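Work through the exercises below with the coordinates at hand. Each task is followed by a solution in steps.

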Amino acid sequence: MVLKNLNDLRRLVEGGPRKKLALAAAQDQHSLGAVVKAWKENIIEPVLIGDESGIQAICASYNYDITSLRIIHEPDIEKSVETAVRLVSSREADILMKGKIGSSTLLRCVLNKEWGLRTGNLLSHFALFEVETYHKVIAVTDVAMNIAPNLKDKIAIVNNSVACLIRLGYEMPKVAVLGAVEMVNENMGATLDAALLSKMNQRDQIKNCIIDGPLAFDNAVSLESSRQKGIKSEVAGDTDLLLMPDIEVGNVLYKSLVFFAKAKVASIILGALVPIVLTSRSDSEQAKFDSILLAAASIK
Amino acid sequence: MVEKVLAQNRRHRVAVAWAHDPGTVRAIHMAVHKGFAEAILIGKSSDIIRICKSENLDERLFSVVDTENETIASREAVRMARNGDADIVMKGLVGTDKFLKAVMDKENGLMLPDALLSYVGAIELPTYHKLLFLTDPAVIPFPDLDQKIAMANYAIEMANRFGINRPKIALIGASEKMNKHFENSVDYAIMCKMAERGQIKSCIMDGPLDIFLACDKDSIEIKGVPTPVKGDADILLFPSLESSNPFYKGLMLFAKGELAGLIRGTEKPVVLMSRSESERSKYFCIALSCLMA
């Protein structure tokens, strides 16, 4: 089952009850607007946690009809996050979303040892892109969370992402480990990590995917380009997941795709008990919506 | 192999440094008798002649160069190869260290510029269906990544000379899994990717692999590990001298293996054997060096 565009994610949320999304510190127009839209389009069922009067005021001025929605009144921002997180860990909600609160504060609560959403896995950022010039959606990780992942981190990041893709219906996602070149160079750590990840995958120590690398960006996304270089690879030209060597190149790629390639993108945080939606004010309305959609679709 | 050497139709001149043990002398005699070698025995001429007589060998078949001690004998053998008076240098009854010191001498030695000195051996086993090459059981104690790559290239080159175009090379470890406790598995993964990308050429490479997956086809079926080597390895590359040396000695002792081997990285072939190797092994070493010359 190939996802050609982000809209195809809707197929995965149809049939069966809607997943519950807990919006922490919900007195925030940017996130509230996206949540209400996703609710109206039958993607999720929201639970709004935050300052009730603030929430009602925003909904009134933006004309969001939230009469049937569950609101848990909690004016204190940090307490509202705790409430939202506890809702998730008690299985009353399936998705956590950030409202009027900084990402680091929210994540600190997520990682709380007592009532948080830890699984023992590394948290990682997962972005799914729809680019007109590529034949299907393409996932990119980790462009926003892990700054300079070592080999162990990369293994965790790959595992998180592959598990998510499997839940989205992929059978054996193709993972390209990116570098500046497709040859192994002892001075280029990214190429060495790529060789190690490839071998671990060949030995079934990283499962459920096909990993190749190092591959340069053009080799990863263009079969023609990889053929010209004489690269024999099952992944080249047909990549489902691009593993970035570090956050700098990841973030630059993410933004290049959005600004120059006019790509659409959905992003979630993986590795916690549930997917976490961490959209920011600078994200487009579409991106916020698609992130919620991705979160909902990625739950089995 | 001997047939291939004879087909060359040349007599290679072998300079033996400190030719004081009967086994070596008998082995070189076999090569001379067979017709593919000429021998220059360097050492105390009186002792050498005495050995020939007691072994019933005609010392006139050899050239004998009189030298006082092992160090001078080693240097002389190397010097002869350098200036073209010999084609091959062979270690006699002199310690490996002393001998290699002469070979590796910066000014008067036999090293190719920037080359790594390493040893590749070929074992004939009654229990394996073909010749098995291994490296490096003699010279490099703990090869790093670059050294392992050089070792692999030498072994591939030797296999090529034996007519094996794309030898299967198994990078040997205790298991086929990547393991952070075994740093060699990291080097092996890097080498495999380099082979995939054509950076190490003319071979089918996989590793880490244990000996069973490298050499036993049944193991492949039982363990279900997908590997292009498939229990049919031509070359075994070991992570250390302390693993490869006992391996080949075990094969010689318990599996009646015969070993022939060569030093690589030198301008002219260098034959290095231990005293405990059989005469037949020594003879094959000489033949091998002639093949590679």
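The exercises cover one chain, then the contact between chains, then domains.

The model is predicted, so local features need pLDDT of at least 70 and side-chain atom pairs count only at pLDDT 80 or more, while totals for chains, interfaces and linings use all residues. Residues are numbered from 1 along each chain as its sequence is written, and chains are lettered from A and ligands numbered from 1 in the order in which they are written.

**Exercise 1.** Describe the overall build of chain A.

Step 1. Count the helices (H or I, at least four residues) and strands (E, at least two), which are DSSP runs numbered from the N terminus. Chain A has eleven of each.

Step 2. Compare the radius of gyration, taken over C-alpha atoms, with the globule rule, 2.2 Å times the number of residues to the power 0.38. The radius for chain A is 20 Å and the rule gives 19 Å for 300 residues, so chain A is as compact as a globular protein of that length.

Step 3. Along the principal axes, the C-alpha atoms of chain A occupy a box of roughly 65 × 40 × 35 Å.

Step 4. Contacts are pairs whose C-beta atoms, placed from the backbone, lie within 7 Å. Among contacts in chain A with a separation of 6 or more, 70% join residues 24 or more positions apart.

**Exercise 2.** Characterise the contact between chain B and chain A.

Step 1. Twelve residues of chain B touch twelve of chain A. H7(B) supplies the largest share of the chain B side, six residues.

Step 2. Class the residues: Ala, Val, Leu, Ile, Met, Phe, Trp, Tyr, Cys and Pro are nonpolar, Asp, Glu, Lys and Arg charged, and the others, Gly among them, polar. The chain B side has seven nonpolar, one polar and four charged residues.

Step 3. Fit axes to C-alpha atoms over the stretch in contact, with angles from 0 to 180 degrees between N-to-C directions. The axes of H7 of chain A (residues 189-202) and H7 of chain B (residues 183-196) come within 8 Å and cross at roughly 95 degrees. H7(A) and H7(B) are therefore roughly perpendicular, a term for angles of 65 to 115 degrees.

Step 4. Residues making this helix contact include A:Leu192 and A:Leu196 of H7(A), and B:Val186 and B:Ile190 of H7(B).

**Exercise 3.** Which domains divide chain B, and how do they touch?

Step 1. An automatic or database assignment sets the bounds: domain 1 is 2-111 + 266-292 and domain 2 is 118-254.

Step 2. The C-alpha centres of domain 1 and domain 2 of chain B are 29 Å apart.

Step 3. Four residues of domain 1 of chain B contact five of domain 2. The domain 1 side consists of four nonpolar residues, with no polar and no charged.

Note on methods: Angles under 35 degrees count as roughly parallel, over 145 as roughly antiparallel, 65 to 115 as roughly perpendicular and the rest as oblique. Two residues are in contact if their C-beta atoms, placed from the backbone, lie within 7 Å.
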